[in-house]
Amino acid sequence: MIEEDYKRVWAECLEVIKDTLGPENRKAYDTWFIPIVPLQLDGSTLIVQVPSPFFYEYLEDHYLNLLKRVIRLQLGPNGMLKYSIVMDQTIPSEPIVTTVPSSNQRSVQNPVTDLPVNINKENARVIPNPFVIPGIQKTRIPSQLSPNATLENFVEGDCNRLARSAGYAVAEKPGITSFNPLFLHSHVGLGKTHLANAIGLKTKELHPDKTVLYVTSEQFMQQYAEAGRAGNTNDFIHFYEMVDVLIIDDIQFWVGRGQRTQEAFFHIFNRLHQHNCQIIITSDKAPGELQGLEPRLISRLKWGLNADLQAPDVETRKAILRQKLTNDGIEMGDDIIEYIAYNINTNVRELEGALISLIAQSSLNHRQITLDLTKQMIDKYVQSSSREITIDYIQKVVCDTLDLPVEAIQQTSRKREIVQARQLAMYFAKKITKSSLAVIGMQCGNKDHATVLHACKTIENLRQTDRFIRGLVDDLEKKFAE
Ligand code: ADP
Ligand code: MG
């Protein structure tokens, strides 16, 4: 090997690098590439010297793909780059050479968390080749997860059981279950972001070595556009390919736009899926309804598990309220919690919003939270959003008025007062809600539609003939009209 070969090889590399970066990145080229000194060519391995560990890390962070490409171009598919770092003056400046081969294996789990420390130690100055160590960057990727939205405080109910337990399974064995991708969808405010975040946190807790990354689809799109402008699209894609668990929130944002973003994501998706990395996606629509998204992407989204989150029933709403209160260290009577839970039934975000407004009101006005204050507040709150009277709510009001526990309606009891309460609930459910007779029957003690029809007729008749029932019906009517 001629001594000057390494200089020639590096000079050619520089040509390509300079060309690739273009005149607009001239400063970057001067700053990061000119100071690199070629030292030696060892077979297809070029050894270069860089001025500092930071310099090396910067190259690694920003120009990994470019360097890889250039080296392979010059030295063939087995081409490798090794670094020698000029250390602190007090340390003898013998070159430090990496020993790790350059194949780009994702599976290499490199325990490099303590790398910067090692570099400064005299006896541990061997640093691995950047082409092999996604680990270096891996440890540096902040997950962007919120510490507050955990699986523990994601209240379980019929409405979310499948999604929640699938989420847990994914966190236990990311990428290995058949829930890949895990696709979570629901209307707004029903817990998609919370659950996706929670799965990320749990994964990190159970697998501290895994890189988890949460991004909104909007962020992803912006980053992609910026990378395109800066000529770093490859770095962008490479960055995402290093993640073990990728969470993309609100993918519906791409519908009808961001075709190039979708393409990039498609490649990242394939790559991650191939390497058993977990993908979690949320959306306000099921995959099949995401028209305007690339068809081949939609087909990928259907590969794994598609789990939806429904609006919580009243028991779950109560549990959510109780949990929020416990978290905040606030005590509140059951009657108040019930009132809120029965009246706010659109989604969890509104439920929380109502609770927060109530707490704020009471502390601003130095008033205790009483049922009256709650009623005033919630009624105002509900008026401004959409108020929908549900069968649950009707049952609750009827039972409260008759001084019965609300469960009475669900029981099979034939006691007169319970039968009557059930009939009243059915009557008002038919009158006020849009639910079918079958649904009303099902929710009022699991009866069939004929029973509901019979109940409605009975109450109509009694209303004409029975003063007590007439008074009761009028009274209830007023309550529902409030
Ligand atoms: P989405 O992403 O579906 O619009 P979010 O995840 O933002 O909904 O949820 C809205 C709010 O409701 C968040 O503050 C979240 O913590 C809360 N939330 C939703 N579902 C639950 C649940 N099952 N248990 C506790 N909090 C919940
Ligand atoms: Mg969300």
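**Close-up views of a predicted model**

**View 1. The largest nonpolar core.** Of the 76 residues gathered in the largest nonpolar core, Leu 184, Ile 280 and Ile 340 touch the most other members. Helix α18 gives this core its largest share, 8 residues. Keep in mind that what you are looking at is a predicted model. Setting aside neighbours within four places in sequence, Leu 184 is in contact with a whole list of residues, including Ala 163, Leu 195, Ala 196, Ile 199, Ile 280, Ile 281 and Ala 307. Lys 192, Thr 282 and Ser 283 are also among the contacts of Leu 184. Apart from this core lies another one, made of 31 residues, and Ala 227, Met 242, Phe 266 and Ile 279 are among them.

**View 2. Ser 186 and its surroundings.** Look for Ser 186 in the loop between β4 (182–185) and α8 (192–206). Is Ser 186 buried or exposed? With a relative accessible area of 5%, Ser 186 is buried, because buried means under 20%. Leaving out neighbours within four places in sequence, Ser 186 is in contact with Lys 192, Ser 283, Asp 284 and Leu 309.

**View 3. An edge-to-face pair, Phe 269 and Trp 303.** The count of aromatic pairs comes to 15. In one of them, the ring centres of Phe 269 and Trp 303 are 5.9 Å apart and the planes meet at 65°, so this pair is edge-to-face; the cut-off for that label is over 60 degrees. The two rings come from distant parts of the chain, 34 residues apart: Phe 269 belongs to helix α11 (residues 259–274), while Trp 303 is in the loop between α12 (295–301) and β8 (305–308). Phe 269 is buried, at 0% relative accessibility, whereas Trp 303, at 43%, counts as partly exposed.

**View 4. A tilted pair, Phe 428 and Phe 480.** Here the rings of Phe 428 and Phe 480 are 5.1 Å apart, centre to centre, with 55° between the planes, and the pair is tilted. This pair, too, links distant parts of the chain: Phe 428 is in helix α18 (residues 416–432) and Phe 480 in helix α21 (residues 467–481), 52 residues apart. How buried are the two partners? Phe 428 has a relative accessible area of 1% and is buried, and Phe 480 is buried with 7%.

**View 5. One aromatic cluster.** Phe 269 and Trp 303 turn up again here, as members of one aromatic cluster. Phe 220, Tyr 224, Phe 236, Phe 239, Tyr 240, Trp 254 and Phe 265 belong to that cluster as well.

**View 6. Arginines over rings.** Which ring does Arg 257 lie over? That would be Phe 253, with Arg 257 over its face at 3.8 Å from the ring centre. In another case, the charged end of Arg 296 sits over the ring of Phe 266, at 4.0 Å from the centre. Phe 266 also appears in the core of 31 residues.

**View 7. Leu 67 and Ile 17.** Leu 67 is part of helix α4 (residues 64–75), and at 2% relative accessibility Leu 67 counts as buried. Ile 17 is 50 residues away along the chain, yet the C-alpha atoms of Leu 67 and Ile 17 are separated by 7.9 Å.

**View 8. Stepping back to the whole protein.** The protein has 21 helices and 8 strands. Half the story is inside: 50% of its 482 residues count as buried. Among contacts with a separation of 6 or more, 73% come from residues 24 or more positions apart. About 23800 Å² is exposed, and carbon and sulfur atoms supply 51% of that area.

Terms used:
Residues are numbered from 1 along each chain as its sequence is written. Chains are lettered from A and ligands numbered from 1 in the order in which they are written. This is a predicted model: local features need pLDDT of at least 70, side-chain atom pairs count only at pLDDT 80 or more; totals for chains, interfaces and linings use all residues. Side-chain values use heavy atoms; hydrogens and water are left out. Rings of Phe, Tyr and Trp (its six-membered ring) pair if their centres lie within 6.5 Å; planes under 30 degrees apart count as stacked, over 60 as edge-to-face and the rest as tilted. Helices (H or I, at least four residues) and strands (E, at least two) are DSSP runs, numbered from the N terminus. Buried means under 20% relative accessible area, exposed over 50%, partly exposed in between (1.4 Å probe, protein chains only). A charge sits over a ring if NZ of Lys or CZ of Arg is within 6 Å of the ring centre and within 35 degrees of the ring normal. Contact means heavy atoms within 4.5 Å. Accessible areas come from the Shrake-Rupley method with a 1.4 Å probe; for residues, only the protein chains shown count as cover. A nonpolar core is a set of buried Ala, Val, Leu, Ile, Met, Phe, Trp, Tyr and Cys residues joined through side-chain atoms within 4.5 Å.
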